[in-house]
Amino acid sequence: MNDSQDSLSEFREAVARKGSFWQTVKAVSWSFLGIRQSSAYAHDVQKLNPLHVIVVGILAAILFVLAIVALVQWVVHSGVAA
């Protein structure tokens, strides 16, 4: 039981973090590009709310997919494709 209480306590502490929206967007953006320093990652782990990171990550993935679909639609309709 002690392990589950410790895990629950750690989860509550993580969710209580008050990282800003822009810090979260910046961290997720750099992660999408794959150029993240380990020191910046460690800083984010301590400052950002993991639920915010998940939400911003999902929204960024949706925007990425929509951008790719729009690009493909544009290429197909412009007649550039062979």
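Thr24 is a good place to start in this predicted model. With a relative accessibility of 1%, Thr24 counts as buried, because the cut-off for that label is under 20%. The residue sits in helix H2. Leaving aside residues up to four places away in sequence, Thr24 touches Leu48, His52, Val53 and Val56.

Now step back to the whole chain. The protein has 82 residues, and 12% of them count as buried. Its secondary structure amounts to four helices and zero strands, so, reading from the N terminus, the order is simply α-α-α-α. Look at contacts between residues at least 6 apart in sequence, and 84% of those turn out to join residues at least 24 apart.

Back to the helix that carries Thr24. Helix H2 covers residues 21-33, helix H4 covers residues 50-78, and the two pack against each other at an angle of about 55 degrees with their axes 9 Å apart. That angle makes H2 oblique to H4. As for handedness, H2 passes H4 in a right-handed crossing. Which residues make the contact? On the H2 side they are Phe21, Thr24, Val25, Val28 and Phe32, and on the H4 side His52, Val53, Val56, Gly57, Ala60 and Ala61. Sorted by character, the residues of this contact come out as eight nonpolar, three polar and no charged.

Val55 is worth a look too. Its place is in helix H4. Is Val55 buried or exposed? Neither, quite: Val55 is partly exposed, since its relative accessible area is 48%. From Val55 to Val25, the separation is 30 residues in sequence and 10.0 Å in space, C-alpha to C-alpha.

Then there are the aromatic rings. How many aromatic pairs does the structure hold? Just one. Phe21 and Trp22 form that pair, and the arrangement is edge-to-face. The ring centres lie 5.2 Å apart, with 70 degrees between the planes. The edge-to-face label applies because 70 degrees falls over the cut-off of 60. Both Phe21 and Trp22 are exposed, while Thr24 counts as buried. Phe21 also appears among the H2 residues that make the contact with H4.

Here are the two pairings side by side:

| Pair | Distance | Angle |
|---|---|---|
| Helices H2 and H4 | 9 Å between axes | about 55 degrees |
| Rings of Phe21 and Trp22 | 5.2 Å centre to centre | 70 degrees between planes |

Notes
Residues are numbered from 1 along each chain as its sequence is written. This is a predicted model: local features need pLDDT of at least 70, side-chain atom pairs count only at pLDDT 80 or more; totals for chains, interfaces and linings use all residues. Side-chain values use heavy atoms; hydrogens and water are left out. Axes are lines fitted to C-alpha atoms, for helices over the stretch in contact, and angles run from 0 to 180 degrees between N-to-C directions. Angles under 35 degrees count as roughly parallel, over 145 as roughly antiparallel, 65 to 115 as roughly perpendicular and the rest as oblique. A crossing is left-handed if the near helix is turned anticlockwise from the far one by less than a right angle, and right-handed if clockwise. Contact means heavy atoms within 4.5 Å. Ala, Val, Leu, Ile, Met, Phe, Trp, Tyr, Cys and Pro count as nonpolar, Asp, Glu, Lys and Arg as charged, and the others, Gly among them, as polar. Rings of Phe, Tyr and Trp (its six-membered ring) pair if their centres lie within 6.5 Å; planes under 30 degrees apart count as stacked, over 60 as edge-to-face and the rest as tilted. Buried means under 20% relative accessible area, exposed over 50%, partly exposed in between (1.4 Å probe, protein chains only).
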